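Grab a pencil and work through these exercises with the model open beside you. Each one sets a task and then walks through a solution.

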Amino acid sequence: MIIIITLGKKEGSVKRADGRAFDELRPIKIEAGVLERADGSAYLEFGGNKVLVAVYGPREFHIRRFQKPDQAVVRCRYNMAPFSVDDRKRPGPDRRSVEISKITSEALAPAVFLEKYPRSTIDVFIEVLEAEGGTRCAGITAASVAMADAGIPMRDMVVACAAGKADDNVVLDLSEKEDKEGQADLPVAVMPRTGEITLIQMDGNLSSEEFEKALDLALEGCKKISEIQKDALKTRYGE
Amino acid sequence: MITVKDKDLVVPGEVLADEEYNSGRGTFREENKICSSVVGLVALRNKKISVIPLQSKYIPKRGDVVIGEITDIRFSMWGLDINSPYSGLLPASEVFGKEKRELERAFVIGDVLFLRVIDVDEVKKVKLGLKGRGLGKFRGGILINITPTKVPRLIGKKGSMINMIKDQTKCEIVVGQNGVVWVKGQPEMERVTEKVIKMIEEQAHTSGLTDRVRDMLMELVNGNSDNQKEDEDNLNENKDIKTSID
Amino acid sequence: MVNKMVDIIPEITKKSITNLINNGERADNRALDEYRDITLETGVITKAEGSARVKIGNTQIMIGAKSQIAEPFPDTPKNGVLMTNSELLPMASPTFEPGPPDERSVELSRVVDRCLREGGVIDLEKLCIIPGEKVWMIFLDIHVLDYDGNLMDAAALGCLAAIMDTKIPEATVRDGEIVIDKEKLIELPIKEKALLCTFAKIGNELVLDPSLEEERVMGARITVGVIEDGSVCAMQKGGEEPLTKEEIMKAIKITKEKTDILRKHLN
C-alpha cells in the first residue's frame, strides 16, 4: 500500500516511519451500497485495510430464546478472509474474532433505536478482505454506513479510530508496523454528535497524561472519519 | 432555527433544527435539537419537520393491505411471509368461519395472497384476514418487490401513477403496502410493468418522475405495438379473472 | 419476497419463469445460452500471492491465492499441492448461515477443484522442491460476497484468473537447505485454461448461467468443465430431476463455445 504523504505538515511535527504526521490518518475511502442481496452494505479502504460490511435486518430472529420481547438485538460477525494476512489464516472464528464481534455489536447497538423492532435481529457481517492494522475500527466505521444504508433508524453513526504510542510518541491511527512494534494501542468508537464513547480498549503502557492525549487524538480522528461516512451516504443517494 | 431545506438529503444523527420545530417521522428530539434518525429526504410542513427514509423494512400496521406468501401450515392457521421482520398469521376461521376443514384444501405452501392486517399486538404478532373486497389468492402473474417507503410514490396522487401504468400496459396491478406488487397481463407487458416499477423505485425521490414514467411507457409499450391486438384480446380475458378465493 | 431465511418460491413466480423459458425467453431478456455481464479484476488483494474479484451479474466472488511450503501427499511425492476452499459468507445471502462449510459450499469447492485439477491447469510437478519432502502448497480461497446465482462458473473463472495472477518466491535447494528468494517472484507453471459452464433445467429447456430466481425454480442443474481443445474435464449434475442424454450432450456443445468467450476475460 502506498501511503500518500500530504503536503503542508505542521512545523515541529514528528515524522513517523511511513512519513505521516503524529495526528494524520491514513488515506480513507468509503462506498455505500455495494452489494445486491444485503439490505445495506459498505466497502471501506483505510490505508492497506479493505473491509466489506453487509447488514441484514431488522429481520425475524429464528432463535427464540435469544429474542428480546421489547427490542431488537444487534448481532455482529467479524471475520478475516484467509488471504487477508501475510500467512494464510485458517477459515472460521478464532478467539480474537469472537471478541471483536462481541465488542463491535456493543459498540453499534447504543446508536440504534432498538425499541422500534421488538423480537427482531439486526445482523452485521464484517469481512476483512485485507488487513493492515486497525481492522476493528475500520469494521465499525463501515458497519455504521451499512446500517444507515439499510435504513435502520439511529441516533448517530458510530465511528471508530485508534490512537497509541509508537517510538515514544503518542500518535493517531497506528499502522500495522506501529501496532506490532509500538508501546500502546487505544481503539475508540464514539457517537460523534454527543461525544459518547461506545467502545474503548487498550493494550500496552501509557501514563495518564499520555492516555488522555491519545484519547483526544482518537476522538479528533473519529470526527474527521465521520465526515467521510456522511459523504459516502450522500454520494450513494445524491443525484 | 433550521439548518436544512425541504427535500435535502440527510443522514442519521444530522441536526435539522432547534426546539421551535416539531419532530415528525424519521426524526427524534434530543435536548433542544431535532435530528434525523435515517438516511432520507427532509419534508417540511409548517413547523413540523420529518425525514422520509430512502430504505426501510415494512412494519405491519392495523388496516394495511399486504401481499403475503404461505410459508407454513399449522394446526389452525397459516404462517405467511409478508416481506417484514414479522411474519403474519392467518387463522383458519378467517377462511372457513366456524366450519372445521383441512387447511391444505384452501391454501398450500407457496400460494400468494392479498390480505388485510387485522391486528398487531405489542410484541408485533400480526393477525391477517381475508374478508373484504378483492382479497384472496392470486392466480398467475408476477411479483415485484420494492422498498415499502416507495409505495406511495408508485401509487401517486389519488392513484395517478399506478393508473397510468395500468392504462398503458393493460395489466392488472395490485400494490401491497409491504412493498410487494402483483402484476398480471400479457407476458411482455408484465415485464414492461416490472421495468417501469423498478425505475419508479430507483428514482422515487427525484422530481419530474411522472413525465419520465410516461415517456418510458410510451417507448416500451408502443415499441411493442405489434402486440396491440393481442393485448386487447387478453384484456377481455383478464376481466373474467378476479382475485378471489375459490 | 426475496429476503428471508426460509427459501420457498411463490408458486406463481415458478409458473411465470417456467412459462417464459418454455417460450424461449427469460425474465432479464437474455437468450437461453447467454451469460449476464461479466467483470473480472486481478491483483485486488496486495497481501495475497494472487487474487481476483469476479462479477457475473450481481453475483460477486473474491478469490485469494496463498502459498506455503508443505509435505507432498504420499501417493504423489513429486507433485505440489493445490487446495481449494470456499466460504458461502452469511453476508452474501439471507439463506447462508455462519458456521463450518455446509454441503453447498463443499460441493462448490470440490467441483471447482476438479475442473482445475483434472483440467491440468497447474503443472504440479514443477511445484516440487524436494521430492517426497517439500513441495509448494497453493491455497485458493473462494470468498462468496454476493449470491445472485451461478456460483460455480464465477468461482472457476475467478480461480483461474487468481492462479494466473499468482507469483510465488523462487525456491531452490542448496546443500539440502531450501532457500526462498522473496525478491525473485515467479509465476505459477500454467498448462491449461479449464473453465466451467452451468446450466439449469427449467421447463423443457436448458438455460446457461442461471440467475438466483432461475436457480430457485430449476429442476436440475448441470455443470460442464472443458479445457482449451474442447475436451471435457469435469462434470457435476445437481438437483432432484433427471436429465436426458441429449440434454447433457447439448450442454457440452454450448460449453465448448461459451468457454472460448469466457477465456477472453482472462487477458
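Helices (H or I, at least four residues) and strands (E, at least two) are DSSP runs, numbered from the N terminus. With that in hand, Lys7(B) sits in the segment before β1 (9–10) of chain B.

A bit of housekeeping: residues are numbered from 1 along each chain as its sequence is written, and chains are lettered from A in the order in which they are written. This is a predicted model, where local features need pLDDT of at least 70, side-chain atom pairs count only at pLDDT 80 or more, and totals for chains, interfaces and linings use all residues, while side-chain values use heavy atoms and leave out hydrogens and water.

**Exercise 1. Look up the confidence scores.**

Step 1: for the complex, the predictor gives an ipTM of 0.93 and a pTM of 0.92.
Step 2: for chain C, the mean pLDDT (the predictor's confidence in each residue, from 0 to 100) is 95, and 98% of the residues reach 70 or more.

**Exercise 2. Describe how chain A meets chain B.**

Step 1: count the residues in contact (heavy atoms within 4.5 Å). Chain A puts in 31 and chain B 27.
Step 2: get the buried area, meaning the accessible area (1.4 Å probe) that two parts lose on being put together, summed over both. It comes to about 2300 Å², 59% of it on carbon and sulfur atoms. On the chain A side, Arg119(A), Arg193(A) and Tyr237(A) lose the most, together 27% of what that side buries.
Step 3: look for salt bridges (a side-chain nitrogen of Lys or Arg within 4 Å of a carboxyl oxygen of Asp or Glu). There are 3 between these chains; one of them joins Arg193(A) to Glu30(B), with the closest N and O atoms 2.7 Å apart.
Step 4: ask which elements of chain A take part. Those giving two or more residues are β3 (49–60), α2 (135–149) and α4 (208–237), and α4(A) has the largest share, 5 residues.

**Exercise 3. Do the same for chain A and chain C.**

Step 1: the contact takes 33 residues from chain A and 32 from chain C.
Step 2: about 2700 Å² is buried, and carbon and sulfur atoms give 57% of that. Arg37(A), Phe83(A) and Arg88(A) supply 32% of the area chain A buries here, more than any other three residues.
Step 3: the salt bridge count is 2. Arg88(A) turns up again, meeting Asp141(C) at 2.6 Å, N to O.
Step 4: on chain A, β3, β4 (73–80) and β5 (120–130) each give two or more residues; β3(A) gives the most, with 6.

**Exercise 4. Trace the strands that pair with β11 (residues 112–120) of chain B.**

Step 1: two strands pair if DSSP finds at least two bridges between them. Strand β8 (residues 65–73) of chain B pairs with β11(B) in the antiparallel sense over 5 bridges, with Ile67(B) partnering Phe114(B).
Step 2: β13 (residues 136–137) of chain B is also antiparallel to β11(B), over 2 bridges, and Leu113(B) has Lys137(B) as its partner.
Step 3: β12 (residues 126–129) of chain B pairs antiparallel with β11(B) over 4 bridges, where Asp119(B) stands opposite Lys127(B). These two strands form a hairpin with 5 residues between them, and Lys124(B) in the turn has a positive phi of about 65 degrees.

**Exercise 5. Find the backbone oddities.**

Step 1: the peptide bond from Gly57(A) to Pro58(A) is cis, with omega near -5 degrees, and Pro58(A) lies in strand β3 of chain A.
Step 2: go back to Lys7(B), a residue other than glycine with a positive phi, near 75 degrees.
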